Amino acid sequence: MSQSESYDNTHRAFLQALIARPTITFAEAQPLLALIQTSHNPDRPVLEGDITRADFDHYVHAVNNAISSFDMEIRSTAHQSNRGVEVFALVNTASDALTQMATVHSADEIAFVKRVLDCMFETNNTRKREVMAVTSWQALKLTKVPDSDRRESGAATQQDTQTQNAGITMQQAEKVLRLLVSESWFECSDKDFYTLSPRALMELRGWLIDTYNDGDNDSDSDHGHPHEKIKVCMACREIITQGQRCPDPTLRCPARLHSHCVGKMWRAQGGREVCPSCKKEWKEPLPVGEKAAKRSRQSGSMGGRRSGVSGLDGADESD
Ligand SMILES: [Zn+2]
Ligand SMILES: [Zn+2]
């Protein structure tokens, strides 16, 4: 198919479609672009199979050129829990997702979201257990502002000091969580764990590293070396919140791999299935993500909304 260099109504329609939906894959873009091109030129109907990856890349490139001066960019990342499928999203390059959420959520709601993120990346992300997810039950326990945060004003946004950290109701919290899922900031697994979506990881990459890898030596530090909370996959260098970690029994090795990146890593190492960092055999790797969560006895029951998962309060971190 011939593609002119110009930016025409089909590009505008494609951008409109991206604005209307939080994320898109190439497979989802094929029928969309076929429809857009057909309605642009009804005499030459285009089938979805006619839309090649090169056509799609051309659209992404052209739209990115057009929107860059508005601090917007189409970015892509691999979906960690969906076999590494490439996901595209329109990302705001000038402000992070928390700032954008502040346009539709109250300061107390944003402070709640920040507590949920702290729970994901601090409480539930220790050397022993890199869960990086929260259950809905656990999230709903975060509606109140902890006393320590109230005193130290260390909670979330600048607005906190004005609102005196009022906290929010359970109903508000449930609404916020539902919205975050419907807007593709959070995903909720079938085991009832909230995680950051590919879109959120793209938007929040810099913020997460700045916020949680501050280099402070806290209780989780390793003989004076800070334990970095946000880690990247050694194959693709993207943030990892679900995947595998080195089976090193001392839990000191920093190597992490997305499940969809493991094969790529072994090919890059000439077929040697050893840790790219410490060179131990990569046998029975430890999980990163909800599989790392400690389960209660009745964990097999009914999705676990009220009863399934316990031991996520960080109290098990006594090493
Ligand atoms: Zn990776
Ligand atoms: Zn290792």
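Buried, in these legends, means under 20% relative accessible area. With that in hand, welcome to a short tour of a predicted model.

**View 1. Strand β2 and its partner, strand β1.** Let us start with strand β2, residues 86–92, which is mostly covered: 5 of its 7 residues are buried. Strand β1 (residues 72–78) runs antiparallel to β2, and 7 bridges join the two. To find your place on the pair, look for Ala-78, whose bridge partner in β2 is Glu-86. As a reminder for reading any such pair, side chains in a regular strand alternate between the two faces of the sheet.

**View 2. The bent helix α10.** Helix α10 covers residues 198–212, and its 15 residues hold a small surprise: the end C-alpha atoms are only 18 Å apart. A straight helix would reach 21 Å at 1.5 Å a residue. Where does α10 bend? The bend is at Leu-204 and amounts to about 65 degrees.

**View 3. What surrounds helix α10.** Here we stay with α10 and turn to its buried residues, which are Pro-198, Arg-199, Ala-200, Leu-201, Met-202, Glu-203, Leu-204, Trp-207, Leu-208 and Tyr-212. Leu-204, the site of the bend, is thus listed among the buried residues. Which elements cover them? The cover includes β1 and β2, the helices α4 (97–101) and α5 (107–123), and the strands β4 (186–188) and β5 (193–196). Strands β1 and β2 will be familiar from the first view, where they run antiparallel.

**View 4. The open sheet β3-β5-β4.** Two of the strands that help cover α10, β4 and β5, come back here in an open sheet of 3 strands with the order β3-β5-β4 and antiparallel pairing. At the edges are β3 (134–135) and β4, each of which pairs on one side only. Between β4 and β5 the antiparallel pairing runs over 3 bridges. A handy landmark is Cys-188, whose bridge partner in β5 is Tyr-194.

**View 5. The open sheet β7-β6-β8.** Another open sheet has 3 strands, in the order β7-β6-β8, again with antiparallel pairing. Its edge strands are β7 and β8, each pairing on one side only. Strands β6 and β8 run antiparallel and are joined by 3 bridges. Arg-245 makes a good starting point, with Leu-286 as its bridge partner in β8.

**View 6. The site of the zinc ion (ligand 1).** Which residues hold this ion? The zinc ion (ligand 1) is coordinated by Cys-233 (SG), Cys-236 (SG), His-258 (ND1) and Cys-261 (SG), at 2.1 to 2.3 Å. The angles among the 4 donor atoms are 95 to 116 degrees, and the site is tetrahedral. Along the sequence, the donor residues are spaced C-x2-C-x21-H-x2-C. Are His-258 and Cys-261 buried or exposed? Both are buried.

**View 7. The site of the zinc ion (ligand 2).** Our last stop has cysteine donors: Cys-246, Cys-253, Cys-275 and Cys-278 coordinate the zinc ion (ligand 2) through their SG atoms, at 2.2 to 2.4 Å. This site is tetrahedral, with angles of 102 to 117 degrees among its 4 donor atoms. The spacing of the donor residues in sequence is C-x6-C-x21-C-x2-C. Cys-253 and Cys-275, 22 residues apart, link distant parts of the chain. Cys-253 lies in the loop between β6 (243–245) and β7 (256–257), while Cys-275 lies in the loop between α11 (262–268) and β8 (286–288). Both Cys-253 and Cys-275 are buried.

Methods
Residues are numbered from 1 along each chain as its sequence is written. Chains are lettered from A and ligands numbered from 1 in the order in which they are written. This is a predicted model: local features need pLDDT of at least 70, side-chain atom pairs count only at pLDDT 80 or more; totals for chains, interfaces and linings use all residues. Side-chain values use heavy atoms; hydrogens and water are left out. Donors are N, O and S atoms within 2.8 Å of the metal (3.2 Å for Na, K and Ca); water is not among the atoms, so sites may look incomplete. Four donors count as tetrahedral if all angles lie between 85 and 135 degrees; four count as square planar and six as octahedral if opposite donors are over 155 degrees apart and all others between 65 and 115; anything else is irregular. Helices (H or I, at least four residues) and strands (E, at least two) are DSSP runs, numbered from the N terminus. Buried means under 20% relative accessible area, exposed over 50%, partly exposed in between (1.4 Å probe, protein chains only). Two strands pair if DSSP finds at least two bridges between them. The expected span of a helix is 1.5 Å times one less than its number of residues. The bend at a residue is the angle between axes fitted to the seven residues ending there and the seven starting there. Contact means heavy atoms within 4.5 Å.
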